[in-house]
Amino acid sequence: MTHFTHDTAPPSTPRPAEPASPTAASGSPAVPPLVFFQHFMGTLDDHDPALSDAFASDREVILFNNTGVASSTGTVPDTIEAMARDAITFTDALGLTTIDIVAHSMGGLVAQEVTLARPDLVRRLVLVGTGPRGGEGLGALPAWVAELFTRKYEQQEEMWLPILFAPTQTSQAAGRAYVERILTRADRDTPVSDQSIAAQRAALAAYGAAKDPSYAHLKGLELPVLVVNGSGDIVIPTINSYILQQFLPNAELILYPDANHGSHFQYPELFTRHTRIFLDG
């Protein structure tokens, strides 16, 4: 298999009959592919090259836009469950029968629903900065946090600095390094559309409103799960990571210090090392 880096992998589509979901793939086929599920308003090129390149040294890595997101065709659905069905259509179109998943934020919700629907497909699951269906504050951002997603910048990727990173000097420095990394690719993906943003917001609100204090659905996720977050997540509050670890049948929890919603971007080397230990366990 041809080896690409994050910045040189060409976009592709699985087959014309399916939603056109660009992918970037590299690495070795000897272990299950590692599929990354993206966050709210994220595109292919908001994934961190420091992570995709590190994991691609010894396994196939797949980044994709779900239906209607950025350069992908179609219309973004307004439920997490429908997004999960589209993600399954994508993996089936690629002929994948076993995968590992790294899923961030909204992508973590979609990945949970994929795993519940197709437990035969997902071997191990890494959930970063996310929560359970009906989680605390899920889909109901405080006004000051919601406003961060609407700010305009000369370099728009700088919007991620207050959203993904803590306000401390060290975390913001890590955030600027992340922004520099994601801007390296010359042919960056299409920005998300207004339709995509509205549909994703509606999906998050509905998923967060489905309250069940027993979190009974999590019992259906019997596979090994690694839960990762920052110590002060302002988007999906960190308490949700504790809830996941407590209610999932087989989950480990890691919290990184001085970190916000994008802790894996702040600590890419550490996250890669911890995740490798989990995936290879």
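## Fold, core and pockets of the chain

The secondary structure of the protein chain consists of 10 helices and 7 strands. With a radius of gyration of 17 Å, close to the 19 Å that the globule rule gives for 281 residues, the chain is as compact as a globular protein of that length. This is a predicted model, and every value discussed here is computed from it. Along the principal axes, the C-alpha atoms occupy a box of roughly 45 × 45 × 35 Å. Of the contacts in the chain with a separation of 6 or more, 76% join residues 24 or more positions apart. Buried residues account for 56% of the 281 residues.

The interior may be considered next. In soluble globular proteins, nonpolar side chains tend to be buried together. Here, the largest nonpolar core has 79 residues, and those touching the most other members are Phe37, Val114, Phe149, Trp160 and Phe271. Helix α2, residues 80–93, supplies the largest share of this core, with 6 residues.

Trp160 merits a closer look. Neighbours within four places in sequence aside, this tryptophan is in contact with His39, Phe40, Met41, Asp46, Phe149, Phe165, Tyr178 and Ile182. Phe149, one of these partners, is also listed with Trp160 among the core residues that touch the most other members.

A second position to examine is Leu125, which lies in strand β5, residues 122–128. Leu125 has a relative accessible area of 0%, which is under the 20% limit, and therefore counts as buried. Beyond residues up to four places away in sequence, Leu125 touches Ile101, Ala111, Thr115, Leu223, Pro224, Val225, Leu226 and Phe278. One of these partners, Ala111, is 14 residues from Leu125 in sequence, and the C-alpha atoms of the two are 8.0 Å apart in space.

The pockets complete the description. The largest encloses about 350 Å³ of space. Its lining comprises 17 residues, with Met41, Gln156, Met159, Pro191 and Val192 nearest the centre. By class, this lining has 7 nonpolar, 4 polar and 6 charged residues. Met41, named in that lining, is also a contact of Trp160.

The second largest pocket has a volume of about 210 Å³. Among its 13 lining residues, Phe40, Gly139, Leu141, Arg201 and Leu204 lie nearest the centre. The lining of this second pocket is made up of 10 nonpolar, 2 polar and 1 charged residues. Phe40, part of this lining, is likewise in contact with Trp160.

Definitions and conventions
Residues are numbered from 1 along each chain as its sequence is written. This is a predicted model: local features need pLDDT of at least 70, side-chain atom pairs count only at pLDDT 80 or more; totals for chains, interfaces and linings use all residues. Side-chain values use heavy atoms; hydrogens and water are left out. On a 1 Å grid over the protein atoms alone, a cavity is a set of points where a 1.4 Å probe fits but cannot get out, and a pocket is an open set with protein on both sides within 12 Å along at least five of seven lines; lining residues have an atom within 4 Å of a point. Grid points are joined across faces, edges and corners, and a volume is the space filled by probe spheres set on the points. Ala, Val, Leu, Ile, Met, Phe, Trp, Tyr, Cys and Pro count as nonpolar, Asp, Glu, Lys and Arg as charged, and the others, Gly among them, as polar. A nonpolar core is a set of buried Ala, Val, Leu, Ile, Met, Phe, Trp, Tyr and Cys residues joined through side-chain atoms within 4.5 Å. Buried means under 20% relative accessible area, exposed over 50%, partly exposed in between (1.4 Å probe, protein chains only). Helices (H or I, at least four residues) and strands (E, at least two) are DSSP runs, numbered from the N terminus. Contact means heavy atoms within 4.5 Å. The radius of gyration is taken over C-alpha atoms; the globule rule is 2.2 Å times the number of residues to the power 0.38.
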